[in-house]
4 protein chains.
Amino acid sequence: MAGNSFGQLFRITTFGESHGPAVGVVVDGCPPGLAISEADIQPELDRRKPGQSKITTPRKESDTIHIQSGVFKGKTTGTPILLITYNKDANPADYEAMKDIYRPSHADYTYDIKYGIRDWRGSGRASARETLARVAAGAIAKKYLFERFGTQCMSYVEQVGKIKSNISLDKVTLQAIDKSIVRCPDKAVADKMIKLIEEVKKDGDSIGGIVKGYIKNPPPGLGEPVFDKFPADLGKAMLSINAVKGFEFGSGFEGVIKRGSEHNDIFTSSKGKISKKSNNAGGTLGGITTGDTIDFRVAFKPVATISKVQDTVTRSGKAIKLAAAGRHDPCVLPRAVPIVDAMAALVLMDHYLRHKAQNM
Amino acid sequence: MAGNSFGQLFRITTFGESHGPAVGVVVDGCPPGLAISEADIQPELDRRKPGQSKITTPRKESDTIHIQSGVFKGKTTGTPILLITYNKDANPADYEAMKDIYRPSHADYTYDIKYGIRDWRGSGRASARETLARVAAGAIAKKYLFERFGTQCMSYVEQVGKIKSNISLDKVTLQAIDKSIVRCPDKAVADKMIKLIEEVKKDGDSIGGIVKGYIKNPPPGLGEPVFDKFPADLGKAMLSINAVKGFEFGSGFEGVIKRGSEHNDIFTSSKGKISKKSNNAGGTLGGITTGDTIDFRVAFKPVATISKVQDTVTRSGKAIKLAAAGRHDPCVLPRAVPIVDAMAALVLMDHYLRHKAQNM
Amino acid sequence: MAGNSFGQLFRITTFGESHGPAVGVVVDGCPPGLAISEADIQPELDRRKPGQSKITTPRKESDTIHIQSGVFKGKTTGTPILLITYNKDANPADYEAMKDIYRPSHADYTYDIKYGIRDWRGSGRASARETLARVAAGAIAKKYLFERFGTQCMSYVEQVGKIKSNISLDKVTLQAIDKSIVRCPDKAVADKMIKLIEEVKKDGDSIGGIVKGYIKNPPPGLGEPVFDKFPADLGKAMLSINAVKGFEFGSGFEGVIKRGSEHNDIFTSSKGKISKKSNNAGGTLGGITTGDTIDFRVAFKPVATISKVQDTVTRSGKAIKLAAAGRHDPCVLPRAVPIVDAMAALVLMDHYLRHKAQNM
Amino acid sequence: MAGNSFGQLFRITTFGESHGPAVGVVVDGCPPGLAISEADIQPELDRRKPGQSKITTPRKESDTIHIQSGVFKGKTTGTPILLITYNKDANPADYEAMKDIYRPSHADYTYDIKYGIRDWRGSGRASARETLARVAAGAIAKKYLFERFGTQCMSYVEQVGKIKSNISLDKVTLQAIDKSIVRCPDKAVADKMIKLIEEVKKDGDSIGGIVKGYIKNPPPGLGEPVFDKFPADLGKAMLSINAVKGFEFGSGFEGVIKRGSEHNDIFTSSKGKISKKSNNAGGTLGGITTGDTIDFRVAFKPVATISKVQDTVTRSGKAIKLAAAGRHDPCVLPRAVPIVDAMAALVLMDHYLRHKAQNM
């Protein structure tokens, strides 16, 4: 209710501040009997962790995950799973100077309005550091879905600034994505993206971009009619990620210029098996998954923290000049990829359990 | 849980099928003491109702709303409010022929997959007729927010097909929106939109578009950190509307090409009052409202129901030709405007109560 | 959240005031494919309705139920089911005189404290008239559970005032319960109860009692560990019924004097089938159903509304004499039986779906 | 949803197994600005911890609590608070022998039925060790309520086996309760209780009892009508505690023999202030707090774990003799007192926030 939980039946609750002692998550509702260990989760965290390449923040965190409950003899028991990481490279002192300053386009201002108090150590709870908890929880959902249905949640960086890839879906593989430090499987375009990010970094600035996401082999029938349509919950999941400004699926914003007769995905059948001739729908009809690949796009703004000098004000309204001291990413897109994957898996897992409850 | 409720503290639960006896909503959690009557709700329903102009479906429904509980001597009592409309122009017979046919890009197929049973009378629960219940509930939220904070939720049709308005916010008024049958306050552009819709209608086809929404004078401090950020819940609300394929707020998808130094909204202050020099953020920071105008855009695909002949299949996979008999809108955008307004008001109202619970 | 919903996956939301236009319920989450019609629901309402015998209130209500959504061609479709009853014998005028008076042990006082406004027509929402909505919803759950598992939720009046039955479980049948106007299957004791109630009625007074409840053939494995133990949710369900002051299950309050070695239910087995030698547990272990009969007891205080003259005060604190004009039950126990059954069925149904989601 | 969370707006989620690495809780929804530190929480845990006297289990756990998030510079920030305890005296080996044995009246059997897998180390999640997390969370609620409203949640052991205290409420103080190792403030009776427990312990047996609880100075207006009545949620909270078999409030089971004219609490007023001449209601009317003291009673069965030899069966149904090796309490009542207090505080706190959301 206070916004730190996600999902109804596969429900996660995250906790922890950027420079507090720990960040983690309780996963409640995981079916019993799933083989899980830290080794299943750590690789996903490593994809998200800071300091992994020259184009990410230099903050050094191993983000080592510990399972503290809910798993017995290597298997889930149906009880809540605590996943926790202890912060190592926390430098609250870096932020002491900023405790009375409102950084432009940051949550400092609104946290003060809302709560009248604020943990100013590296944005506290508003920091994207919280997302490691989502990635950890998502790793469990991903494993369950892949083992049970062969479902894969994957995404890549499609665009950085104006540099855009038009790679076709069949050439996108997890291997190709992760081979690139910018997580774009289109090698030529990736090189340009990296160059742009390095340039931006040198300027002490930041740049935005777009993540393209896919869910392959989703179970059909997932999503609830009316309010909890699958794309509505998927959209909410994406829009809850730090720096996201937009979400579209299937034909998205571009589809609005089409006529119904062009846009409709025509049903066809072969040997009694019904399929569609196109997928403008993006894998759902009436908010319910068809079993076709779900595709979507997520827009990330350039992150607010930059080291360029900016004008701003203090809590009391005094004008000052600010040059951020903290360590930051010039472009969050490469590290956002595992977060997008995790959120997609969490939405799918939750809707799978909801569907099962009423209908199977 | 089965997807028919929205909101946590100002919680609505809708019910009813397109061609069943009634459609309505229970509103639970409305603060006591609000003066409300059918006369406050009906005008919003009239903005949504079918048959209101030459560019909407010819189905004739008065959509007369009845308050059946929760209001005493003209005021809310804090108990659940039942709002109900009895369907008049329900013609299930129109649909008898379609009970075994999967209409392209319709929910027929997925409802069958999900439930194994389906009310085939005009799409049953999957019909946009359900949205009248949202509009009715939203009217209560709108009234509360306006009386208490002067908040206004308003939206207009910004784009139909490729025809787009660039009208500036200060020229957009509710009066100007409603004077236009296409609900675009930009007269010259509106005329072109109407012409396009008439053309599409003549072809037995449909066309998509974009609704631009605003929330003026929102209370500051609304939205919860992490998962229930204000734009995440607003986005979910919009993505739950029939035919919606995308949502963005503030700088949206276009913002991704900017650098942080351009995109950041610089804080400034005058006489101790802090404000921002721009609003790329779209009225929230860290997912929490700043008090600035919230602006967003919602993409609607061309509706699936068209009278043009289409190829499709039956439940058993037999190929057939289909020409829809039911009455439909060539373009849902004009009637979508009050739905967008209602959903925005419902999100705001819910977050206001949530904020109040923990923080005021 | 505002207290008008019950259940998480089989979720009901009730609405309506005692002397308002209608009372009803939305049932959300019912599995699709259940054959249901008004004829399945009405008999349960008839067991609860006023005026059914000489020992109940003379208010005349047919309590005719209407299904307005969620059922198509006689079967549930998985979408929300609206059940509604229109009030006929509503006499708000009877209550006009009481609008400023706080009736002793009534909710008048606390509704005023809580909401600052109150529907004084026959207690409005605080009236036990609301429970008809629960009985209607419960009838659906009962039917599902009986058809699927042979589960039966049944209860009877065990005690009225000091008059108590010690009938053994195997002699209790639904037929025997309903043959008695006081709903006690123990004929000799029932006659004494009726006599006592008639006496109390003549005095313009009221009397309390105890309902004994059973759930036969419950599915095993239901109930969640820790907070949502089956008996915890069952207890909450019972304690939410008007006039209830206590709940116990299995050995209950009497079990506290036993030693563990006497109280423990010894496991035994025959042909590989494990059973227990006793059922002090009352059908659950660790809050989870074993498959054994669940038994419990519910204490009802004497209802507050009596026609005897009482001292009380007005809203402004003025002392006055009060003799209730409205029509009331001298003893609510006979009419409480179907409410207890319904609530038990609703708890079981909800826990069945919850169990299914995570574990089956 | 999987039963590990309690509360809607002041929401706790507990995790951890009896002999796993850690037990703890996430508290979400705590208002910002409350001064809190480990020193506020530890004393409540010390009242619950094992090994505190000769009449409790000899297991040695310091139950040292750590705050890992949500508190900054000594104050709550409105973000989730992680409270965690690391298990020290965990001896899984003690339980190895019992992994295939169903202990009589234990959750071993039902966990196997429900999940098909079970953490057999000291009952895993079904162990009352989980309640330390509730006590820790409850300490925060208690502090808030006391500082804000002077509310006190307190309870004591009223009965052990047949030995019962009739001490009057005005003689019950927290000091008197805690001076007694059996937590009965009635010295003479307490001595008899201790003697009985020692006797039972010598026999390798266990004994039940009753805890009497009070909430003094509760805010008025708390509790929601219909399903979430204050006593319904309080009852659920108590019935969710391990070994509880019954709950009653106010006149409870004894009240059923009274007539309405005796049972009604007559309103009176003095200088405009309205009060009641008695409190048979137990502090609520229509499920909403009046501001009067709330009183209730909770029945605990004798705990199932005893060292006496008992007949039982293995998972495969083989008959065997069992004498429990683990360390256990002969009577849980003294250690249950802080759990009852904590749960009462959690219910009150949650209902306070819920009331505030809609009504203040």
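This report covers chain symmetry, chain contacts, strand pairing and helix packing in a predicted model.

## Basis

Residues are numbered from 1 along each chain as its sequence is written, and chains are lettered from A and ligands numbered from 1 in the order in which they are written. Because the model is predicted, local features need pLDDT of at least 70 and side-chain atom pairs count only at pLDDT 80 or more, while totals for chains, interfaces and linings use all residues.

## Symmetry and chain contacts

Two copies of a chain are related by a rotation about an axis and a shift along it. Chain B is superposed on chain A by a rotation of 180° with 0.0 Å of shift along the axis, at an RMSD of 0.0 Å; the fit is by least squares on the C-alpha atoms of residues with pLDDT of at least 70 in both copies. The two copies are therefore related as by a two-fold rotation axis. Of the contact residues of chain B, 100% recur in chain A, and the same surface serves both copies. Residues are in contact if their C-beta atoms, placed from the backbone, lie within 7 Å.

In the pairing of these chains, 95 residues of chain B are in contact with 95 residues of chain A. The side of chain B that touches chain A divides into 40 nonpolar, 36 polar and 19 charged residues. Here Ala, Val, Leu, Ile, Met, Phe, Trp, Tyr, Cys and Pro count as nonpolar, Asp, Glu, Lys and Arg as charged, and the others, Gly among them, as polar.

Chain D is superposed on chain B by a rotation of 180° with 0.0 Å of shift along the axis, with an RMSD of 0.0 Å. The C-alpha of chain D nearest that axis belongs to Ala357(D), 2.1 Å from it. The contact between these chains takes 13 residues from chain D and 13 residues from chain B. On the side of chain D that touches chain B there are six nonpolar, five polar and two charged residues. Because 100% of the interface residues of chain D are also interface residues in chain B, the copies meet through the same surface.

## Strand pairing

Strands are DSSP runs (E, at least two residues) and helices likewise (H or I, at least four residues), numbered from the N terminus; two strands pair if DSSP finds at least two bridges between them. Between chains, strand 12 (residues 244-249) of chain A and strand 12 (residues 244-249) of chain B run antiparallel and are joined by three bridges. Phe247(A) stands opposite Phe247(B) in this pairing.

Within chain C, five strands form an open sheet in the order 1-2-3-7-4, with antiparallel pairing. Its edge strands, strand 1 (5-6) and strand 4 (66-67) of chain C, each pair on one side only. Strand 3 (residues 22-28) of chain C is joined by six bridges to strand 7 (residues 81-86) of chain C, where Leu83(C) is the bridge partner of Val25(C).

In chain A, four bridges join the antiparallel strand 13 (residues 267-270) and strand 14 (residues 273-276). Ser270(A) has Lys273(A) as its bridge partner in strand 14 of chain A. The two strands of chain A form a hairpin with two residues between them, and Lys271(A) in the turn has a positive phi of about 50°.

## Helix packing

Helix axes are lines fitted to C-alpha atoms over the stretch in contact, with angles from 0 to 180 degrees between N-to-C directions. Angles under 35 degrees count as roughly parallel, over 145 as roughly antiparallel, 65 to 115 as roughly perpendicular and the rest as oblique. In chain A, the axes of helix 4 (residues 131-149) and helix 9 (residues 333-359) come within 7 Å and cross at roughly 55°, so helix 4 of chain A and helix 9 of chain A are oblique to each other. Their contact includes Gly138(A) and Ala141(A) of helix 4 of chain A, and Ala342(A) and Ala345(A) of helix 9 of chain A. The contact residues divide into 13 nonpolar, two polar and three charged.

Between chains, the axes of helix 7 (residues 230-239) of chain C and helix 7 (residues 230-239) of chain D come within 8 Å and cross at roughly 160°, so these helices are roughly antiparallel. Among the contact residues are Pro231(C), Leu239(C), Pro231(D) and Leu239(D). By class, this contact of helix 7 of chain C with helix 7 of chain D has six nonpolar, two polar and four charged residues.

Conventions: Contact = placed C-beta atoms within 7 Å.
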